[in-house]
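Reader: Could you walk me through one part of this model up close? I'd like the cut-offs spelled out as you go.

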Amino acid sequence: MTHSPLGMEQHPDIAEMRARYDRATQTPVAQVVGGLTFLAGLYLAISPWVVGFSGRTTITVNNLVTGLAVAALAVGFASAYGRTRGVAWVTPIIGLWTIIAPWVVSPHSEPASVIVSNVIVGVVLLLCGLAEIAIGMRSSRRKT
């Protein structure tokens, strides 16, 4: 008699844990945080053209790449938080990087508009990232 063992994906504990994370992402707070994270990532990606510093290649490429990465993370968090929660710590790190990037990636001083834009969006990403982590921690403690 042969039987096929349950794969880890079908294990009842894992399925229950994923359902718990899915419920956590359906709360209004989680949806607002996810939406803000996505919008902040998109803004970061297009900020060189919005603020007008697209001629500065290093900070432009930095903001484009990190912004698209944050937007992709936000989509992952919104659609499958149970599978992507392990990388939720990346968003606040990108937020911190965004804050300091104007001084690190450019050998010359950046205009005030670059610094203000990056600091504001970096703080938003830092706070949203910490909120994403808190949402995951709260849902992992919940027993229902």
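Author: **A close look at Thr 66 and its surroundings**

Thr 66 sits in helix α3, which covers residues 57-84; helices here are DSSP runs of H or I with at least four residues, strands are runs of E with at least two, and both are numbered from the N terminus. Bear in mind that this is a predicted model, where local features need pLDDT of at least 70, side-chain atom pairs count only at pLDDT 80 or more, and totals for chains, interfaces and linings use all residues. Residues are numbered from 1 along each chain as its sequence is written, and side-chain values use heavy atoms, with hydrogens and water left out.

Thr 66 counts as buried, at 13% relative accessibility (buried is under 20% relative accessible area, exposed over 50%, partly exposed in between, with a 1.4 Å probe and protein chains only). Setting aside neighbours within four places in sequence, Thr 66 is in contact with Leu 44, Ile 94 and Trp 97, contact meaning heavy atoms within 4.5 Å.

An unreviewed UniProt entry lists "transmembrane region" at residues 27-46, 58-80, 87-105 and 111-135; such annotations may be inferred rather than shown by experiment, and the positions follow the numbering used here, with feature names shortened. Residues 58-80 are 100% helix and 0% strand, with end C-alpha atoms 33 Å apart.

Then there's Arg 56, whose side chain forms a salt bridge with that of Glu 110 (3.4 Å, N to O); the rule asks for a side-chain nitrogen of Lys or Arg within 4 Å of a carboxyl oxygen of Asp or Glu. Arg 56 is in the loop between α2 (28-52) and α3, and Glu 110 in the loop between α4 (90-104) and α5 (112-141), so the pair ties together parts 54 residues apart in sequence. Arg 56 is partly exposed at 29%, while Glu 110 is buried at 7%.
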